[in-house]
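Please find below my comments on this model, set out as numbered points. They deal with one helix and its surroundings, then the nonpolar cores, and then the salt bridges.

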Amino acid sequence: MKPEDKKILCSLIRDHEDAVGSSRVSMMAINAFIESIRQVNCSVEEVRELYSELSLAIKNTEPKVIPLIHLIEEFENEVDGPISENIDEIKERAINILRAKHDKIKAKVGKVIEQGLTCISEGDTIIVHTISFDVTNMLKLAREVLHKNFKVIVLKQDLAKTRRLVKSLSQADIDMEVIPEYSLSHYIDQGNKVFMGALSITEDLKVVSAVGSANVVSLCHLNRLPIYLFANTLKFSHRPSSHQQIHRKVVDHTHDDISYQLVTHSHDTVDLRLIDFFVSENGIQDKEAIARDLLRTGDEAPDRS
């Protein structure tokens with residue numbers, strides 16, 4: 001794969017993850033992988049090299065999409081068997097493995113949403129910062145299927161993400177108020193819960209989440225507002241936050257007689273110790289359980305850096 005193609009792939013995955021969340025983009029990437037296998041014309045000798053090349057590119061995106069990486073690593077282990085003499089059989093075997101990976105993450109996401117529905121109560125006012133696929137869908141189901149009445153305070157980010165979230169919640173007839181992210185301090189006493197998603201949870205117990213999350217979580221934590229983190233277990237990374245390859249962008253700006261470089265990052269890192277409730281496909285853990293299980297495991301984990 002050419003360097004420019006890798007750069008395009010990295011940008012596509014980053015942009016889609018930012019728009020729909022890491023679980024959804026993982027499913028989309030697996031479907032795209034399946035389609036590429038269907039369309040590729042190559043010899044039996046070339047096929048594994050092509051698999052490896054695309055897998056390596058996926059595993060080195062900025063930032064790293066951890067659930068997708070875990071699934072791709074599983075695919076590599078399972079597809080690594082005796083090579084058939086028939087290219088169609090090889091392709092069909094790879095496609096079947098990838099379909100199973102797609103079903104695996106889809107099932108995990110469904111269970112997280114199912115667990116998350118129990119976190120929404122009648123009369124809640126929920127502050128939402130990220131456009132997490134899990135969070136968005138549990139809010140919609142709570143309103144459309146369970147007919148719960150609650151309000152969502154949407155923290156406005158960039159226009160595209162905010163538009164998508166507002167449109168989705170509006171279609172579900174969810175009462176909402178959209179405010180600038182920097183005005184949260186004026187609304188903090190109105191909310192009773194904060195919902196957020198994650199790109200990954202790292203070995204050093206940092207949550208890699210949407211840019212701006214660190215400020216939102218810090219303010220809500222100081223004001224004792226319960227923070228709920230929704231993430232399936234495929235999002236647990238075996239490496240520290242320093243290895244997540246958070247994308248750094250530098251853009252030159254000129255205004256009148258002033259020139260400067262604006263530096264931005266694609267994601268934030270948040271200390272897991274600030275989270276009050278962790279919701280995965282395995283259930284809901286409160287702060288004591290997080291400290292007992294996740295935090296202790298992280299403190300005892302060996303250094304794999």
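**Notes on the predicted model**

1. In helix H8 (residues 213–222), the residues Ser213, Val216, Val217 and Cys220 are buried, where buried means under 20% relative accessible area, exposed over 50%, and partly exposed in between (1.4 Å probe, protein chains only). Helices (H or I, at least four residues) and strands (E, at least two) are DSSP runs, numbered from the N terminus. Viewed down the axis of H8, the buried residues fall within an arc of 95 degrees, taken from the directions from the helix axis to the C-beta atoms, so they line one face of the helix. Asn215 and Leu222, on the other side of H8, are exposed.

2. A word on the basis of these remarks: this is a predicted model, in which local features need pLDDT of at least 70 and side-chain atom pairs count only at pLDDT 80 or more, while totals for chains, interfaces and linings use all residues. Residues are numbered from 1 along each chain as its sequence is written, and side-chain values use heavy atoms, with hydrogens and water left out.

3. The cover over the buried residues of H8 includes strands E2 (151–156), E4 (193–196), E6 (206–210), E7 (227–230) and E10 (267–271), contact being heavy atoms within 4.5 Å. Just after H8, arginine 224 takes a positive phi of about 55 degrees.

4. The largest nonpolar core (buried Ala, Val, Leu, Ile, Met, Phe, Trp, Tyr and Cys residues joined through side-chain atoms within 4.5 Å) has 53 residues, of which Phe33, Tyr51, Leu139, Val152, Phe195 and Phe230 touch the most other members. Helix H5 (residues 87–117) gives the most to this core, with 10 residues. Apart from it lies another core, of 24 residues, among them Leu155, Val216, Leu229 and Ala231.

5. There are 11 salt bridges, each defined as a side-chain nitrogen of Lys or Arg within 4 Å of a carboxyl oxygen of Asp or Glu. Lysine 206 pairs in this way with aspartate 271, the closest N and O atoms being 3.5 Å apart; because lysine 206 lies in strand E6 and aspartate 271 in strand E10, the pair ties together parts that are 65 residues apart in sequence. Lysine 206 is partly exposed, at 25% relative accessible area, and aspartate 271 is partly exposed at 24%. Aspartate 271 also forms a salt bridge with arginine 273 (3.5 Å, N to O).
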